[in-house]
Amino acid sequence: MRRLAQLAQQPSRRIIGLMSGTSLDGLDVALCRLHGHGTATRLELEHFATVPYNEDVRRRIRQVFAHDQVSLEYLTLLNPWLGRLHADMVLACLREWQVPPTAVDLIASHGQTIFHAPAHQHRHPEFEGLNATLQLGDADHLAVATGIITLSDFRQKHVAAGGEGAPLAVYGDYLLLSSPTEERLLLNLGGIANFTYLPRAGAATTAAFSTDTGPGNTLLDATVRAHLPHRSYDEDGRLAAAGQAHPALLAALLDHPFFGAELPKTTGPELFGPTYLHAAQAQTITLALPLPDLLATLVELSATGVARAAHQAFGPRPELAVYVSGGGAHNPTLLAALQRRLPACHFASTETLGVLPDAKEAILFALLANETVAGTPISLGAGRQRIPAVRLGKISFPD
Ligand SMILES: Nc1ncnc2c1ncn2[C@@H]1O[C@H](COP(=O)(O)OP(=O)(O)OP(=O)(O)O)[C@@H](O)[C@H]1O
Ligand SMILES: CC(=O)N[C@H]1[C@@H]2OC[C@@H](O2)[C@@H](O)[C@@H]1O[C@H](C)C(=O)O
């Protein structure tokens, strides 16, 4: 505890942010230097790497990921195993960057989401109204194996305060990317797509909020994997660009209450997975649709999800500066579909704001840990979300 109190007093802290998202592509490791806290935070990204998950890791996570029924024994074993794996990956990065673990103040670990069950999505009447979400990769293993104090399990306090446990992006986006002159939308195109709305800095913090919008890459990736087992995604959206979206299938996919539900809302691959896609294809007799047409339809689905949420929040023709991050930021076919559906918005990468698009979510957790240790409670989003002030996470000590 003395060490934590000391860290809180330092003018700056070196924090590793870790994120492994729904795409199961790997662990994002962001070594950040954070000066100050709150709206005065200044962040330098010293090093960043995505340590890829190999097929064995992906297979183990998929044994439980978004499944209704799993072996409890397997789940129990996977939790510490992932904690150790993430620790080994962090240590390997530090070796490569020639940074000794003793030169790092904190690790902020998101863990691997294995099930997300917001009240609107789960099917258990005995838990009606209850939001829940579960991340694995026990942080005590990270702390003990690296010798670095580790914060984890950031989502539970959000749930305890009445939120759905996600998106947490609003906190980091607000602290790092608010502008005094520009209203901004920070759009993250990960497995699931989400955006944060940032009013001009200085405007009421209650207006800032973030929401999921529907699938980002998750259905695209699953479809590519199902048709082309040696590929994990549609590189640069080339296959989708060669296809034609199928209007009836797109309409069937969009005919789901999630797309009309009030903002903010969250979701995951539990809903937007193979069963949902198969049902819509069966209904529209498109089970044999050629792969490029299927992918073109799914690109339109992701773009329409974003556009519908933007229309819900900002009216029929929003004129906003949109900054894109996440793996989907590398997919020109998806970006073109978004621009078509939100013609008055100006799209750019978060890189133009100095934030590497692939590192943004890992950086977010470093920012959250910085606030927990050194910050004061800042309330955000009270206008739309019941969410706690920005001090989240649980603490694991190495000794
Ligand atoms: N060059 C590219 N062309 C097309 N798609 C790409 C490209 N590079 C990455 N992607 C997509 O981005 C995905 C990885 O995105 P990202 O790492 O943001 O997901 P994630 O963090 O797991 O998701 P989430 O934010 O939902 O947790 C890949 O699976 C792929 O679909
Ligand atoms: C439960 C969960 O892990 N949700 C992730 C996921 O990936 C994207 C989207 O769905 C987002 O809501 C969230 O992550 C980011 C980091 C967030 O909380 O802002």
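Biologist: Hi! Let's jump straight in. How does the shell around ligand 2 split by class?

Modeller: Hello! This is a predicted model, and in it the shell around ligand 2 has 6 nonpolar, 11 polar and 2 charged residues.

Biologist: Nice. Which residues come nearest to ligand 2?

Modeller: There are 19 residues around ligand 2, and Thr113, Ala166, Pro167, Ala169 and Ile192 come nearest. Strand 4 (106-117), strand 8 (192-198) and helix 14 (360-374) are the elements that give two or more residues to that shell.

Biologist: And where does ligand 2 lie relative to the domains?

Modeller: Ligand 2 lies between domain 1 (2-165) and domain 2 (169-353), because both of them give residues to its shell.

Biologist: OK, what about ligand 1? How many residues surround ligand 1?

Modeller: Ligand 1 has 22 residues around it, and the closest are Gly21, Ser23, Gly190, Asn217 and Gly327. By class, they are 3 nonpolar, 13 polar and 6 charged.

Biologist: Where does ligand 1 lie, then?

Modeller: Domain 1 and domain 2 both give residues to the shell around ligand 1, so ligand 1 lies between them.

Biologist: Let's stay with the domains. How far apart are the C-alpha centres of domain 1 and domain 2?

Modeller: Those centres lie 24 Å apart. The contact takes 14 residues from domain 1 and 18 residues from domain 2.

Biologist: What sort of residues does domain 1 have on the side that touches domain 2?

Modeller: That side of domain 1 has 4 nonpolar, 9 polar and 1 charged.

Biologist: New topic: sheets! In what order do the strands of the 5-strand open sheet come?

Modeller: The order is 9-8-7-10-11, and the pairing is mixed. At the edges are strand 9 (209-215) and strand 11 (346-349), each of which pairs on one side only. From one strand to the next, the twist averages 25°.

Biologist: Do remind me, what holds paired strands together?

Modeller: Strands of a sheet pair through backbone hydrogen bonds, either parallel or antiparallel.

Biologist: So which is it for strand 8 and strand 9, and how many bridges join them?

Modeller: Strand 8 and strand 9 run antiparallel and are joined by 6 bridges. If you want a spot to look for in the structure, find Asn194, which stands opposite Asp212 in strand 9.

Biologist: Which strands does helix 12 lie across?

Modeller: Helix 12 lies across strand 7 (184-189), strand 8 and strand 9, and runs at about 145° to strand 9.

Biologist: Which way does helix 12 run relative to helix 7: roughly parallel or roughly antiparallel?

Modeller: The axes of helix 7 (residues 218-227) and helix 12 (residues 291-314) cross at roughly 170° and come within 9 Å. Helix 7 and helix 12 are therefore roughly antiparallel to each other.

Biologist: Which residues meet there?

Modeller: From helix 7, Leu219, Leu220, Thr223 and His227 meet Leu291, Leu294, Leu295, Leu298 and Val299 of helix 12. The residues of this contact divide into 7 nonpolar, 2 polar and no charged.

Biologist: Last one! At what angle do helix 6 and helix 14 cross?

Modeller: The axes of helix 6 (residues 169-177) and helix 14 cross at roughly 80° and come within 9 Å. That makes helix 6 roughly perpendicular to helix 14.

Biologist: And who touches whom in that pair?

Modeller: Ala169, Tyr171, Gly172, Leu175 and Leu176 in helix 6 meet Ile363, Leu364, Leu367 and Leu368 in helix 14. This contact has 8 nonpolar residues, 1 polar and no charged.

Biologist: Great, thanks!

Conventions:
Residues numbered from 1 in each chain as written. Chains lettered and ligands numbered in written order. Predicted model: local features only at pLDDT ≥ 70, side-chain atom pairs only at ≥ 80, totals over all residues. Near = placed C-beta within 6 Å. Nonpolar A, V, L, I, M, F, W, Y, C, P; charged D, E, K, R; others polar. Domains from an automatic or database assignment. Helix = DSSP H or I, 4+ residues; strand = E, 2+ residues; numbered from the N terminus. Axes fitted to C-alpha atoms, helices over the stretch in contact; angles between N-to-C directions. Parallel < 35°, antiparallel > 145°, perpendicular 65-115°, else oblique. Contact = placed C-beta atoms within 7 Å. Pairing = 2+ DSSP bridges.
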